[in-house]
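Let's take a quick tour of the ligand site and then stop at one residue elsewhere in the chain. Have the viewer open as you read.

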Amino acid sequence: MRVLEYILRITERRKAHFTLLDPAELEPKQAAELAEHAIAGGTDAVMVGGSAGVDRELLDECVRAIRVVADEHGKPVILFPGDVSGISKHAHAIFFMSLLNSRNPYYITGAQAIGAHAVKRSGIEPVPMGYIVVEPGGAVGWVGDAKLIPRSKPELAAGYALAAEYLGMRLVYLEAGSGAESPVPAEMVRLVKNSIGVPLIVGGGIRSAEDARATAKAGADVVVTGTAVEGAEDAEERVREFVRAIREL
Ligand code: 1GP
């Protein structure tokens, strides 16, 4: 099954949880172990990427190691690239994303034009996604030169999200930045969700089951956690808590 179809099928009937692993912070073996725990805890997909550039060989090794585990359990490995260095032929798919509220055209269409042929050659599935960075924005906000959406202005995020849908993007991702002190405000998630017809992914700063529940309840179809899983003593239990919190809805 294609990865976009997999995501659409799940989000039609329930909330989903994705785990983000950053290859700049993990050894391939560690990444594969974390993926194994996250999948055992009930995560629906493993995303691989980050905003700090990563060595192509290391990324390949990391994705290959995660892929072995993911394939055993029938879960997709999806690239979440910070730029063209985030492409690996070992993944199932890539979020082919545009940082819609960047001031720098490189992050809106430039990196995409440079990386498009590499994606085609690799044979992995591109999943068109609009990416919107909200305050505080963290490293991705800085690196991606985002004109950060103020937390008190949900209507600005909703405008970008609807534009993403009208431009043909199949998913919208609202991002507060990895490690953000608090997640995207519930009010913003709600307004964005009510404005669009495509699945909404929300991540950045989701640390507790309560954060995950509040985010999903406000309208996120997919809740992403990275830092909280990478830093957990028991990653499987951590993911299970997130999954339980959103599945109850
Ligand atoms: C970052 O949305 C993701 O791109 C995940 O953020 O690391 O804060 O969970 P965290």
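## Ground rules

A polar contact here is a pair of N or O atoms within 3.5 Å; inside the protein, one of the two must be able to donate a hydrogen and the other to accept it. Keep in mind that this is a predicted model.

## A threonine in a helix

Start with T215, which belongs to helix α8, spanning residues 209–218. Its side chain comes within 2.7 Å of the backbone oxygen of D211.

Is T215 buried or exposed? T215 has a relative accessibility of 3%, and since buried means under 20%, T215 is buried.

## Who surrounds the ligand

Now over to the ligand, which sits in the largest pocket. Its neighbours include L20, F80 and Y173, plus E175, S178 and G179. Also around the ligand are the glycines G203, G204 and G205, along with T225, G226 and T227.

Sort that shell by class and you get three nonpolar, eight polar and one charged residues.

## Polar contacts and burial

Which atoms touch the ligand's oxygens? On the side-chain front, a polar atom of E175 is 2.5 Å from a ligand oxygen, and a polar atom of the S178 side chain is 2.6 Å from a ligand oxygen. G205 joins in through its backbone, with a polar atom 2.8 Å from an oxygen of the ligand.

How much of the ligand does the protein bury? On its own the ligand would expose 310 Å², and the protein buries 96% of that.

Terms used. Residues numbered from 1 in each chain as written. Predicted model: local features only at pLDDT ≥ 70, side-chain atom pairs only at ≥ 80, totals over all residues. Heavy atoms only, no water. Near = heavy atom within 4 Å. Areas by Shrake-Rupley, 256 points an atom, 1.4 Å probe, with all protein chains shown as cover. 1 Å grid on protein atoms, 1.4 Å probe; cavity = no way out; pocket = protein on both sides within 12 Å on 5 of 7 lines; lining within 4 Å. Sits in = over half its atoms within 2 Å of the grid points. Nonpolar A, V, L, I, M, F, W, Y, C, P; charged D, E, K, R; others polar. Helix = DSSP H or I, 4+ residues; strand = E, 2+ residues; numbered from the N terminus. Buried < 20%, exposed > 50% of the residue type's maximum accessible area, 1.4 Å probe, protein only.
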